[in-house]
Amino acid sequence: MDPDETVAPPRSSLLPRLLLVPLLWSGLALGALPRGGSPQRVLYDLLSEQQLLEAEDLSLTLLQGGRLGPLSLPPDLPDLDPECRELLLDFANSSAELTGCIVRGARPVRLCQTCFPLFQQVASKMDNISRAVGNTSESHSCARSLLMSDRMQIVLILSEFFNSTWQKANCANCLTNKSEELSNSTVYFLDLFNHTLTCFEHNLQGSTYSLLQLRNYSEVCKNCREAYKNLSSLYSEMQKMNELENKAEPGRHLCIDVEDAMNITRKLWSRTFNCSVPCSDTVPVIAVSVFILFLPVVFYLSSFLHSEQKKRKLILR
């Protein structure tokens, strides 16, 4: 061998040197490289956690792109096709928007009326993933890669969570048949609900900043009685219609938005304002009650008057 000829280092020792070049160069640029010490100690002293993560990503890039002998990753490493990755990203963005909408509409409940477009969007993205087929073959489709490639099945779990939440909230009862918009009865109920709350607010006596400090609600009970009665009557009609339409499904409720709105109104009316709605059938009820109470008296009196009285007969000795 020629003495002037240099021996190339093996590829196994070339990888650490290639990885240390950008790291040490960044340390020299920062002026933080100490003299002496092991390279591993230098790296931990020199780099922050974020820089270590970037170095790790850089090492993976070099391994994948450099094809450094036996240390390179296999070419058949499982990875998503660009189309599948785009579908997954679309589902992730839609799921994030729907999750934020659900949490924001949790209290007071505004779930169905504000989040139904986002729910339809997530359902559409899920359908796209289920029907998508990759470029190679049907066995490597996006549905198989995203929905059935591991034990957790994150995409399926998230989709089932959204569907379960939507069904428990009975949001379909607030929407039209095609679930494209709110039904007319729901829109009318929400308008009456907002009108009733506005009436409560305008008729509060004293400060409106703290309801707990108020004690005189006579104006609220007087001026808002009609609005409250209309809202309560409409809610009862919606319940009856829902029972008629869902005879085969016992225990079917109205959508959570309508139920929560009615519960809020009833609590304000009865507990906070201490109001009551007098029954319109009071006079007939009182008349029937009095008639029933006098029935025994009439019965015994008529029996005494129309029955034959036996006279006592005295027998002389």
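**Figure 1. How much of the chain is tucked away.** Of the 317 residues in this predicted model, 28% count as buried. The chain has twelve helices and zero strands, so reading along the sequence just gives you α-α-α-α-α-α-α-α-α-α-α-α. Take the contacts between residues at least 6 apart in sequence: 62% of them join residues at least 24 apart.

**Figure 2. The salt bridge between R107 and D260.** Here we zoom in on R107 and D260, whose closest N and O atoms sit 2.3 Å apart. The pair ties together distant parts of the chain, 153 residues apart. R107 belongs to the loop between α4 (82-104) and α5 (111-131), while D260 is in helix α11 (residues 256-272). The two ends of the bridge have quite separate surroundings: R107 counts as exposed at 56% relative accessibility, whereas D260 is buried, with a relative accessible area of 10%. If you go looking for others, the count comes to one salt bridge.

**Figure 3. A cis peptide bond in the loop between α4 and α5.** Stay with R107 and step along to P108: the peptide bond joining them is cis, with omega at about -10°. P108, too, has its place in the loop between α4 and α5.

**Figure 4. α4 against α5.** Now for the two helices on either side of that loop. α4 and α5 pack at an angle of about 165°, and their axes are 9 Å apart. An angle over 145 degrees counts as roughly antiparallel, so that is the label for α4 and α5. Their crossing is left-handed. On the α4 side, the residues making contact are L87, D90, F91, S94, S95, E97, L98, C101 and I102. They meet a set in α5 that includes L111, C115, L118, F119, V122, K125 and M126. Sorted by class, this contact has twelve nonpolar, five polar and three charged residues.

**Figure 5. α8 alongside α11.** This view returns to α11, the helix that holds D260, and shows it with helix α8 (residues 184-202). The pair packs at an angle of about 25°, with axes 11 Å apart. Anything under 35 degrees counts as roughly parallel, so α8 is roughly parallel to α11. As with the previous pair, handedness is worth a look: α8 passes α11 in a left-handed crossing. From α8 come T186, F189, F193, T196, L197 and F200, and they meet V258, A261, M262, T265, L268 and W269 in α11. By class, the contact of α8 with α11 has nine nonpolar, three polar and no charged residues.

**Figure 6. Two loop residues with positive phi.** Neither Q153 nor N274 is a glycine, yet each has a positive phi: about 55° for Q153 and about 55° for N274. Q153 is found in the loop between α6 (142-147) and α7, and is partly exposed, with a relative accessible area of 27%. N274 is in the loop between α11 and α12 (282-306), and at 64% relative accessibility it counts as exposed.

**Figure 7. N163 and A123.** Last up is N163, which lies in helix α7 (residues 154-168). With a relative accessible area of 33%, N163 is partly exposed. N163 and A123 are 40 residues apart in sequence, and from C-alpha to C-alpha they are 8.7 Å apart in space.

Methods:
Residues are numbered from 1 along each chain as its sequence is written. This is a predicted model: local features need pLDDT of at least 70, side-chain atom pairs count only at pLDDT 80 or more; totals for chains, interfaces and linings use all residues. Side-chain values use heavy atoms; hydrogens and water are left out. A salt bridge is a side-chain nitrogen of Lys or Arg within 4 Å of a carboxyl oxygen of Asp or Glu. Helices (H or I, at least four residues) and strands (E, at least two) are DSSP runs, numbered from the N terminus. Buried means under 20% relative accessible area, exposed over 50%, partly exposed in between (1.4 Å probe, protein chains only). Axes are lines fitted to C-alpha atoms, for helices over the stretch in contact, and angles run from 0 to 180 degrees between N-to-C directions. Angles under 35 degrees count as roughly parallel, over 145 as roughly antiparallel, 65 to 115 as roughly perpendicular and the rest as oblique. A crossing is left-handed if the near helix is turned anticlockwise from the far one by less than a right angle, and right-handed if clockwise. Contact means heavy atoms within 4.5 Å. Ala, Val, Leu, Ile, Met, Phe, Trp, Tyr, Cys and Pro count as nonpolar, Asp, Glu, Lys and Arg as charged, and the others, Gly among them, as polar.
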